[in-house]
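Biologist: Got a minute to go through this one with me? Put it up and I'll start asking.
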Amino acid sequence: MAAKSEIRTPDPLVTRTERRCLIALLVLAALLRLGVICWKPESLSEDRDLYWGIAKRLAAGHGFSNPDFGFPTAYRPPLYPLLLAGILIVGGGAKLLGAVQITLSSATVWLTWRLARRLGFQSWALLAAAFVAVNPLLVQTTALAMTETLSAFLQAFLLLIVVETRTGEWRRRWGIGVLIGLSALCRPTVWAFAVLASLVCLASLRRRIISGERDAWIKTVFDWLAIGLTCGMTVAPWVIRNNRVFGEPIVTTTHGGYTLLLGNNDEAYRAEIAEATGEPWDSREWQKSLQPGVAGGEQVEVELARDRLFASGARTWIRQHPREFVELCWLRIKRFWNIFPGGADAGSLPKIARWGVAVFFAIELLAAAVGLWRLRRDEWAKWWPLVVLVLSFALVHVVYWSNLRMRAPVEPMLALLAARGLLRDRLY
C-alpha cells in the first residue's frame, strides 16, 4: 500500500514540558486500566470467546483445537490465543495478561502521540494521545480476554509505519506487510481495509500512469509487491495449516457464517426491531435452536459445513427479507457509532458513569466529524489510510453483527480525527 508520503511534515524536537506531559498521560492510562482490572479482576479470567480454552490446548501441546471437543478448529483467529498460550507457557495467567494488556494499551497511547506528530500536530499531539489515554472503551476492553486491545495496538503501529514511509523504503514496506498480516490474524476485519486501501492505491497508480510518471509508478508497483509478499508470508502458516486440516486454504476463520447469521435472522429482527423492548437480544435460546446435526459434532468437517450452512442461511434470509435487512443494517450502524455503553458490562455502571461515557464519545465523534471535514486536499496524502481504516471497520459491521465494542480497534484513528477537528490552525 503506497501511501503518498513523499511530503514530509516537520517534526520539531520534543520539548521537556511535552515529554513530561506525555509521561503523565502514559501513567494515567496505565492507572485507569489497572483500576478497571482491580475493580473486576475476574474479567480477565472469563473465556467469553474461547480464547483461553484454545490457548490452554496450545500450551499443552495439543495444537489449535476446540477446548470442548478436542478437534482442530479455525473458529477464532490465531494471534490472540498464541499470545495467551505464551503467557501460560511462562507460568503466567490472568494477572500477567493484565500486565501485558496494560502495556499494549499504554503503548497505543504513545503510538497515537507519535503518529499525531508525524501528521504535523507538534505539541498538540498530546491532545490525540489524551483522547486514547482516557477513552472509556479502550480502558474497559483492557480488562477483557479479547482481541480489542491487541488489535488497537497493531492498527496504530501499522498506520505509524505507513505515514512515516517514503516510496522505495523497502524495510518499512516489509514492516507494513507484516503488520497487515498480524492485524488480520488478530482481527480478520482488517482484510476489508487491505482491499479498500488497494483500490485507493490503484486509482492513484492509474493517475500516475496517465500523467506519465514512469519512475514513480514503477516504484509503487515494487512497493506493493514487497507489502504483498511479506503479508502473504505472515499469514501463510495459518493458511497452510487450515488447508492441511480442513482441505481448504482458509485465510480468515470458520466463524464468519455464524456472525453473519447472528445479525440476520427472524429472531434477531423480532427481538431487536419488530418487538423491541430496549434490552439487548439474548441469543442463547436462538443458538440452541440451530440444527443439532450441524451445531455439534467431533469432526473438523462439521465445523466447515456449519460455517457454510450458516452463511448460506444468512444470505437466503437477506434475499427473502430485503426490507428487514435494511432495518437491521441501520440498527447495526447506530450500534457501531453508539455513544452509550451497552451489553452486560454496562449494567454494573452507575448512571452518572454511563452519562460520562456518552458525553466523552459525543465530543469525540462530533470533533472527529469536524476533523474529517477540515482535512485539506494536501493533507489527504497522509490521512487517507486512517480514514479508510475507520471506514472499512464500519462497513463490515453494517452487514455483520455489531455493537460499540466493534469500534475499539479504530478508536486511536478517531482520536486523531477528533484532535484535528479541535484545531483550527494548519498542521503544516
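Modeller: Here is a short run through the fold, a helix, a patch and the cysteines.

Modeller: This is a predicted model, so local features need pLDDT of at least 70 and side-chain atom pairs 80 or more, while totals for chains, interfaces and linings use all residues. Residues are numbered from 1 along each chain as its sequence is written, and side-chain values use heavy atoms, leaving out hydrogens and water.

Biologist: How many helices and strands in the protein chain?

Modeller: The chain has 19 helices and zero strands, taken as DSSP runs numbered from the N terminus (H or I, at least four residues, for helices; E, at least two, for strands).

Biologist: And what share of the residues is buried?

Modeller: Buried residues are 50% of the 428. Buried means under 20% relative accessible area, exposed over 50%, partly exposed in between, with a 1.4 Å probe and protein chains only.

Biologist: Is α18 mostly covered or uncovered?

Modeller: Mostly covered, with 15 of its 20 residues buried. Helix α18 runs over residues 380-399 and reaches 28 Å from first C-alpha to last, close to the 28 Å expected at 1.5 Å a residue; that expected span is 1.5 Å times one less than the number of residues.

Biologist: Switching topic, how many disulfides?

Modeller: Zero, counting pairs of cysteine sulfur atoms within 2.5 Å.

Biologist: What about Cys-38, buried or exposed?

Modeller: Cys-38 is exposed, at 56% relative accessible area, whereas Cys-186 is buried at 1%.

Biologist: Last one: where does Ile-23 lie?

Modeller: In helix α1, residues 16-39, and Ile-23 is partly exposed at 49% relative accessible area.
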